[in-house]
Amino acid sequence: MFLALWEFDVKQGCEERFESVYGPDGDWAQLFRRDPAYQRTLLLRDTLRDRTYLTCDFWETRTAYESFRQNNRQAYLTLDKSCEELTLAERKIGEFEKLADDE
């Protein structure tokens, strides 16, 4: 399992639209579903910081994720550009892999 983790600070008044676009059935998940190695997306809202969210995108492997990004570069960039108006900041927290001996 591979996880790409991002943090977003959402503009006031854009929370509902952000949740719709970045949620498990949103525009990003629909784009990712083009690839059979995509597993799911979780959207988490910070309970201590207003309008701060994490997206957790799960893939079978890092290689599959990187291949998807390369093969769908233009669609990814187009969607990313269309979402800029929703956020104040976006930070890649990291990319994480499940350890082989982990259940």
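The overall fold and the salt bridges of a predicted model are described below.

The secondary structure of the chain consists of 4 helices and 4 strands, arranged from the N terminus in the order β-α-α-β-β-α-α-β. The C-alpha trace spans about 40 × 30 × 20 Å along its principal axes. The radius of gyration is 14 Å, which agrees with the value near 13 Å for a compact globule of 103 residues. Of the 103 residues, 39% count as buried. Among contacts with a separation of 6 or more, 70% come from residues 24 or more positions apart. The exposed surface of the chain comes to about 6600 Å², and carbon and sulfur atoms supply 46% of it.

The chain carries 15 positive and 22 negative side chains, with the centres of the two sets 4 Å apart. In total, 10 salt bridges were counted. One of them joins the side chains of glutamate 7 and arginine 91, at 2.6 Å from N to O. Glutamate 7 belongs to strand 1 (residues 2–10) and arginine 91 to strand 4 (residues 87–97), so this pair ties together parts that are 84 residues apart in sequence. Glutamate 7 counts as buried because its relative accessibility is 10%, under the 20% cut-off, whereas arginine 91, at 31%, counts as partly exposed.

A salt bridge also links lysine 92 and glutamate 95 (2.6 Å, N to O). Glu7, Asp9, Asp46, Arg49 and Arg91 are joined into one network by salt bridges that share partners.

Within helix 3 (residues 62–71), arginine 62 and glutamate 66 lie 4 residues apart, about one turn of the helix. Their side chains meet in a salt bridge of 2.8 Å, N to O. Arginine 62 is partly exposed at 33% relative accessible area, and glutamate 66 is partly exposed at 40% relative accessibility.

Methods: Residues numbered from 1 in each chain as written. Predicted model: local features only at pLDDT ≥ 70, side-chain atom pairs only at ≥ 80, totals over all residues. Heavy atoms only, no water. Helix = DSSP H or I, 4+ residues; strand = E, 2+ residues; numbered from the N terminus. Rg over C-alpha atoms; globule rule 2.2 N^0.38 Å. Buried < 20%, exposed > 50% of the residue type's maximum accessible area, 1.4 Å probe, protein only. Contact = heavy atoms within 4.5 Å. Areas by Shrake-Rupley, 256 points an atom, 1.4 Å probe, with all protein chains shown as cover. Lys, Arg positive; Asp, Glu negative; His and termini not counted. Charge placed at Lys NZ, Arg CZ, Asp CG, Glu CD. Salt bridge = Lys/Arg side-chain N within 4 Å of Asp/Glu carboxyl O.
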